[in-house]
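Colleague: I have not looked at this one before, so could you walk me through it? Please take it slowly.

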Amino acid sequence: MATSASQSDRSFWAFSSDDVLNQLGANRNGLTRVEAQKRLLRFGANLLKPKRKTDTPTLFLNQFRSPLVIILITAAILAFFLGEEINAGIILVIVVTSGLLGFWQERGASNAVQRLRAIIQLKVSVFRGGNPSDVPAEEVVPGDVILLSAGDVVPADCLILESKDLFVDEATLTGETYAAEKSVGLLPEETPISHRTNSLFMGTHVISGSARAVVVHTGQGTEFGKIAEHLRLRPPETEFEHGIKQFGYFLMIVTLVLVMAIFATSVYYKRPLLDSVLFSLALAVGLTPQLLPVIISINLSHGARRMAEQKVIVKRLASIENFGSMNILCSDKTGTLTEGIMHLHSFVGTEGNENEKVLLYAYLNSSYETGYKNPIDEAIRAHGYLDISAYHKLDEVPYDFIRKRLSILVSTGDGNMVISKGTLPNLFSICSQAETAGGIVNLTSLQEKLQVQLEDFNRRGFRVLGLAYRPYNTGSTITKEDEKGFTFLGFIIFNDPPKSGVADTIKKLKQQGISLKVISGDNRLVTAHIGEQVGLSTARILTGSELLRISDAALVRQANEVSLFAEIEPNQKQRIIVALKKSANVVGYIGDGINDAPALHAADVGISVDSAADVAKEAADIVLLEKDLGVLERGVREGRITFANTLKYVFMATSANFGNMFSMAGASLFLSFLPLLPKQILLTNLLTDLPEMTIATDSVDAELVETPRRWNIRFIRNFMITFGILSSLFDYLTFAILLFILHLSTDMFRTGWFIESVISASLVVLVIRSRRPFYKSRPSRYLLIAALVISVVTVIIPFTPMGGIFGFTPLSLVFLLLIGIIVVLYIAAAEVAKKVFYQRMRFKY
C-alpha cells in the first residue's frame, strides 16, 4: 500500500482501513493541526490546478500577447537597429505604458474577485487534534479524517472508515444516473471505479446517509484530477461571452482588410517600407479593441464588488450579464417567499386534539437525527426542552428524497422502538394501523378522516408531517427494509409565514420585467395559500403528477402561463426550466438543496445561498448571503448597471475610435504623406483609452435598468456603422479645412488632426454613453474629469518638449478655435444622430 505522498496509483480500496491509516501515518481521530500544516506544504493545495496568481510577471506579459502588439514591438526593435532609435523608443514606451495600465487594472479586478469568492468557499468537516472542525476544502490533505453527510461534496479520494445508509451521486465521474450505495469493505484490486463501493471520489456528492472517511489522494492525484486535463470541463458559454467573441472576430476582419489595403497603397506610392510597416501595424493596434478584455474584466469585477455590497456574491463573472438579462425567476417558496424559519404550530393525534405523545416522539426523532440538517428538526428541538434521558439512540435510517422519511431506533425501559417522521403519503405506506383515544385501529378505517384533517391544515397554509412508531425487539440496528408495520400516531404541524414585504418585492421584480415562478414540493393547497398571500396568480397550478402526463412540447406552452408548480419531484425541476428556456426566456433558479444541483446547472443563472448544501453552492453561478428576494432584486439592478457600462465601452470602441482609424485609412489613399506617424497613432490610441477605463464607475440612466437587456450583435454593428461614418465625415471635414483652406504643412496637419481626433473621441463618450441628451444624463465624476483632462492635455502637448519628440508643432489660436468649432459641430451632430438612430431601431440596447 502506497501513500498519497507520491500520489501513487496503488489500489487503496483493496486494503483494510487499518493498513491504509498506517501507511498514511494517521489514525481514526485524524491529524494534529501541526501535522496537517506540514502536509499542506508538502503535498500542496487540494486543487485540480494551481490557483492563478494575479501579482506575477505572467499577468503583465499577458498584456502583450496580442499578435499585432508582438509584431509591432518586433518592428520597433528592427527600426531601432536601422537608425530610428527615437521613434522606436517612443513606440516601445507607449506600448509598455498601455500594458502597465491594463496590468494594474486587471490585477486589481482579479484580486477583488478572489476576495469575494473566499467569502463562500467550500468547507469540510475534518478531525484536527481529535475534534471536528470546518476547514476550506483546498486545505484537506492525505491522512485527514473527514465527516460527510447528505448534501456534502466529497473533497478528495477517500476510503470509508464508517458509514450509515450512505448513497453517493457519482454521475460526474462514472456517468451513472442512480446513486451508488457505499459501505465499509475490502475489494479486489481490479475492481472498476464504478464498483468501488468502499471508496469515495472527489467531485461526487452525498445524497443521503453519513460517513467517516480517510483522505488518500488529493488534487491532481485523485481520479477526477487524472481526467480533468483531458476533459477540460468548462461551463456553457453565456450569450454575452459568445457576443463578445463574435464582435472581436468582426473587428479583426475589418482590421485585416484595412491594414492590407493601406500597406498595399503605401507600397504602390513608393513610401519608405519601414514607415509603411510601422504605420500599418500602429493603425491595426488602434483599430483592434485591445482593451476590450481588460475593460470587460474591470466592469464585471467592479460590478461584482457593488453586488457584494448588496449581499450578492458572483462566482462566475460572465454570469452577471445573464443575471441582468433574466426575465423569469424560478424558486421554491420556503425561505424565499416565506421566512424560511419553521415554527412548530401544534402536534395533534389522529382525532384532531393536541397530543403530548406526538410531541415527545417527534422530539426524540429530531434530537437524535444526525443526517441532513433541516429547519423541520430545528423547529421541533427549539419548541422546548423535553427530558429524554430515559431513551437512548441505537440506530438511524437517514432521510432521503426517495423515502421522504427519517427513522430512529431508540431503547426504552420497555424495549426498543422505531420512530419515523415524514411526508404523509410516504408514511402511510409503511403503516398498517393507527392509534386513537380508544386504542389501536386499522389505518384503512381512519384514512378518509385523516385526509380531511390534512387538507384542512393545508388550506390554511400549514406544512404537515406525519409521525409513526413500531416496537422493535429484533436487534440494535435497523435498515430501510425494517420500515414496515408501523402505527400512525398523529400530525406535526408547522407554520412558515410569508416574509414581511415579499409581495412588494415581487411587484418590483415584475416592474423590472422579471416574472416569479414558484416550484414547490409541497402540495397544491399549501402552495396556493402562499401564492394568494404574496399576490401570485393561483388560477392554474401545475402539479408533478400532471407533468408526468404532458409532453415536452405542451409543457413549453403551459410553463409560461403558470406561476405556481406544486408537488414537484426533484427531477422535474430541470424539465420545467428547460421548457421555459425553449421559449427564449433567460431563466434564473434559486436552489439550496441537495436535489437542486441539476436545476441550477440547467438554468441560465444558477443562484444559491450561503447556507445551502455544498453541492448546490458548487453548482451555482451566484450566491446570496441572504435568501431574500429583496437582496436578489437589488443584485439584479447592479447586474444590469454592469452590463450597461460594458456595452458603453463597446459603443465607444466602435464609434469615435473606429471612425478615426477608418478616416486614417482613407486619408492614406490620397495623401502624399502618412496622415499620422506610427508613434502619433499609438499616442492617440493611448489617450483615447484613458477615459474609457473609468467606464466601470459611470452612472446609468434609470431606463436602462428597468427591464432585462440582452446582447445584440446586430444592434452593435448598426451602431458602429452609424457613428463610425459620422466620425469619419467630420474627420474628412477636418482634412479639407487643414489642407485646402488653411494650407498647413505636413507637421501642422498631423498636429491639427491629432488634436481633433483625441478631443472628439474623448468628448463624444459623454454623448453616446446615454440615450438621453448628454446634458440630461450626468456622467460619473471620474469619467467627466478624465474626458476633460485628456482634452486639455491634448491641446497642451504640441507646446511642450514632448510635442517635438512626437513630431508635433504648436498651432495658432485661430487654428485651435477652428478645431474647437469642428469638435462642437461633431458633438451636436452626434446628438442628432443618436436621437434618429434610437427612433429608427425602435428598441433599447
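**Salt bridges, a sheet and two unusual residues**

Modeller: Let me begin with one pair, keeping in mind that this is a predicted model: the side chains of Asp701 and Arg772 come together in a salt bridge, with N and O 3.9 Å apart.

Colleague: Where do Asp701 and Arg772 lie?

Modeller: Asp701 is in the loop between α25 (678–692) and α26 (713–741), while Arg772 is in the loop between α28 (765–768) and α29 (781–796), so the salt bridge ties together parts that are 71 residues apart in sequence.

Colleague: And is Asp701 buried or exposed?

Modeller: Asp701 counts as buried, because its relative accessibility is 6% and the cut-off for buried is under 20%. Its partner Arg772 is partly exposed, at a relative accessible area of 29%.

Colleague: How many salt bridges are there by this rule?

Modeller: The count comes to 25 salt bridges. One of them joins Lys164 and Asp395, whose side chains meet at 2.7 Å from N to O. This pair links distant parts of the chain, since Lys164 belongs to strand β4 (residues 157–169) and Asp395 to strand β11 (residues 392–397), 231 residues apart.

Colleague: What about the accessibility of Lys164 and Asp395?

Modeller: Lys164 is partly exposed, with a relative accessible area of 21%, whereas Asp395 is buried, with a value of 9%.

Colleague: Which residues are linked in a network with Lys164?

Modeller: Asp165 and Asp395 are linked with Lys164 in a network of salt bridges. Asp165 is also found in strand β4, and this residue is buried, with a relative accessible area of 17%.

Colleague: What is the phi of Asp165?

Modeller: The phi of Asp165 is near 45°, which is a positive value in a residue other than glycine. As background, most residues other than glycine have a negative phi.

Colleague: Where is Lys404, and what is its phi?

Modeller: Lys404 is not a glycine either, yet it has a positive phi of about 55°. It sits in the loop between β11 and β12 (405–412), and at 18% relative accessibility Lys404 counts as buried.

Colleague: Back to salt bridges: which residue does Glu455 pair with?

Modeller: Glu455 forms a salt bridge with Arg459, and the closest N and O atoms of the two are 3.6 Å apart. Both residues lie in helix α15 (residues 443–459), where they are 4 residues apart, about one turn of the helix. Glu455 itself counts as partly exposed, at 30% relative accessibility.

Colleague: Changing topic, what is the strand order in the open sheet of 8 strands?

Modeller: The order of that open sheet is β8-β23-β22-β21-β9-β18-β20-β19, and the pairing is mixed. At the edges stand β8 (312–314) and β19 (541–543), each with a single partner strand, so one side of each is left without a neighbour in the sheet. Neighbouring strands of this sheet are turned against each other by 20° on average, with direction ignored.

Colleague: How many bridges join β8 to β23, and do they run parallel or antiparallel?

Modeller: Strand β8 is joined to strand β23 (residues 622–624) by 3 bridges, and the two run antiparallel. In general, strands of a sheet pair through backbone hydrogen bonds, either parallel or antiparallel.

Colleague: Which residue in β23 is the bridge partner of Ile313?

Modeller: The bridge partner of Ile313 in β23 is Val623.

Conventions: Residues are numbered from 1 along each chain as its sequence is written. This is a predicted model: local features need pLDDT of at least 70, side-chain atom pairs count only at pLDDT 80 or more; totals for chains, interfaces and linings use all residues. Side-chain values use heavy atoms; hydrogens and water are left out. A salt bridge is a side-chain nitrogen of Lys or Arg within 4 Å of a carboxyl oxygen of Asp or Glu. Buried means under 20% relative accessible area, exposed over 50%, partly exposed in between (1.4 Å probe, protein chains only). Two strands pair if DSSP finds at least two bridges between them. Axes are lines fitted to C-alpha atoms, for helices over the stretch in contact, and angles run from 0 to 180 degrees between N-to-C directions.
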